[in-house]
Amino acid sequence: MNPELKRQWDEEGYIVVKRLFDPERTAKLRLICENILARWRVDRPATGESGTGIDGTSMRHLNHPGYFGKHPEWFPELMNAVADAKVIETCRTILGEQPLFRCTSLFMNPIVKSEDGNWHRDTQFGAQGDDEAEKKKLARFESNGIQLQVALVPSEDIEYVPRSHLRWDTPAEYAIRLADGQKHNRSNRMPGAVRLPLEAGDAAAFNPNGLHRGRYHADKLRRTLMLTYTRTSMPYFDFFSNQPWFLQPGHLDPLPPATRAFFEPFVAEYRRHWEAPKPELAAAY
Ligand SMILES: O=C(O)CCC(=O)C(=O)O
Ligand SMILES: [Fe+2]
């Protein structure tokens, strides 16, 4: 347990962990993710969907078994990273309890279209533009989980307003994030914003209640592998945790015992949901 890490998370709303993965492991994960991304751009094993990936900026469920047909040895590499002792200890420090797996994602640069991301708080989703409802969410909602973004190549694509997770917007922030039907929300003048500079192998996490955005520029290579966890005491079934492929016989067999042990509570928690198929959740891989 690192008290400074916890303090920074609680007070600043974000952390950067230098060299979470060493260069060798980072390079291996990059190779694996590059291959998965190339496949995702032409077809999606989880749904049989095809195409459309050129301007995509994120993809989910890199741990789907359909991505490992040619390289079965890459599956344990990826799963070992998700269950890595240092990663789990970092999450445990922040959450104050054992983390439960939620999902894997990759953020990447688009190939053609460039865009600065829109400033937002994740609390605004589902609040339907009702500021009072969002304020209540913000006051009540202690972040349920952690999204750890591991840079596979150097990246400065995340911007965050430190400490903004603990309060509502200042007038200047509001003018950018929400005013006028959000038409200024890609502004480059957000007061107090910092970029989180990452070398390959470094990781960042931020409380998504705070003001943040990404950057999606075709000429700025971005490959960040995001490992997402919830509190074990607050599991949440939705598109992200809908991973029925974990029910395939022998799915966890290729994994070393410690990694398998990390995923077993995930399977135990969501099994009953996966056994009753949810086509509406499967539609958007
Ligand atoms: O990293 C990014 O590009 C932004 C992602 C984001 O907004 C989020 O994870 O809530
Ligand atoms: Fe967000």
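Phenylalanine 107 has threonine 224 as its bridge partner in strand E13. That pairing is a handy way into this predicted model, since it leads straight to the central topics: a sheet, the helices on it, an iron site and a pocket. Strand E5 (residues 99-108) and strand E13 (residues 223-231) run antiparallel to each other and are joined by nine bridges.

**Around strand E13**

- Arginine 223 in E13 has methionine 108 standing opposite.
- Threonine 224 in E13 also has alanine 151 standing opposite, in addition to being the bridge partner of phenylalanine 107.
- E7 is another antiparallel partner of E13, and seven bridges connect these two strands.
- How many of the residues of E13 are buried? Nine of its nine residues are, so the strand is mostly covered.

**The sheet as a whole**

- Six strands make up an open sheet, with antiparallel pairing and the order E1-E10-E7-E13-E5-E4.
- Which are the edge strands? They are strand E1 (14-17) and strand E4 (58-60), each of which pairs on one side only.
- On average, neighbouring strands of this sheet are turned by 25° against each other, ignoring direction.
- As a general point for reading such a sheet, side chains in a regular strand alternate between its two faces.

**Helices on the sheet**

- Helix H4 (residues 85-95) lies across four strands: E1, E5, strand E7 (145-151) and E13.
- The direction of H4 is at about 50° to E13.
- Helix H8 (residues 257-275) packs on the sheet too, where it touches E5 and E13.
- The direction of H8 makes about 100° with that of E5.

**The iron site**

- Which residues coordinate the iron ion (ligand 2)? They are His120 through NE2, Asp122 through OD and His212 through NE2, at 2.1 to 2.3 Å.
- Along the sequence, these donor residues follow the spacing H-x1-D-x89-H.
- The two histidines link distant parts of the chain, as they are 92 residues apart.
- Histidine 120 sits in the loop between strand E6 (115-116) and helix H5 (131-140), while histidine 212 belongs to strand E11 (residues 212-213).
- Histidine 120 and histidine 212 are both buried.

**The largest pocket**

- The largest pocket holds about 1,000 Å³ of space.
- Its lining is made of 38 residues, and the closest to its centre are Asp122, Phe125, Gln147, Pro208 and Phe240.
- Asp122 is a residue to look for here, as it also coordinates the iron ion (ligand 2).
- Strands E4, E5, E7, E11 and E13 each contribute at least two residues to the lining of this pocket.

**Two residues with a positive phi**

- As background, most residues other than glycine have a negative phi.
- Histidine 61 has a positive phi, near 60°, and is not a glycine.
- You can find histidine 61 in the loop between E4 and helix H3 (74-82).
- Is histidine 61 buried or exposed? Histidine 61 counts as buried because its relative accessible area is 1%, and the cut-off for buried is under 20%.
- Aspartate 180 also has a positive phi, about 50°, although it is not a glycine.
- Aspartate 180 is found in helix H7 (residues 179-182).
- Aspartate 180 counts as exposed because its relative accessibility is 53%, and the cut-off for exposed is over 50%.

Methods. Residues numbered from 1 in each chain as written. Chains lettered and ligands numbered in written order. Predicted model: local features only at pLDDT ≥ 70, side-chain atom pairs only at ≥ 80, totals over all residues. Heavy atoms only, no water. Donors = N, O, S within 2.8 Å, 3.2 Å for Na, K, Ca; no water. Buried < 20%, exposed > 50% of the residue type's maximum accessible area, 1.4 Å probe, protein only. Pairing = 2+ DSSP bridges. Axes fitted to C-alpha atoms, helices over the stretch in contact; angles between N-to-C directions. Contact = heavy atoms within 4.5 Å. 1 Å grid on protein atoms, 1.4 Å probe; cavity = no way out; pocket = protein on both sides within 12 Å on 5 of 7 lines; lining within 4 Å. Points joined across faces, edges and corners; volume = space filled by probe spheres on them.
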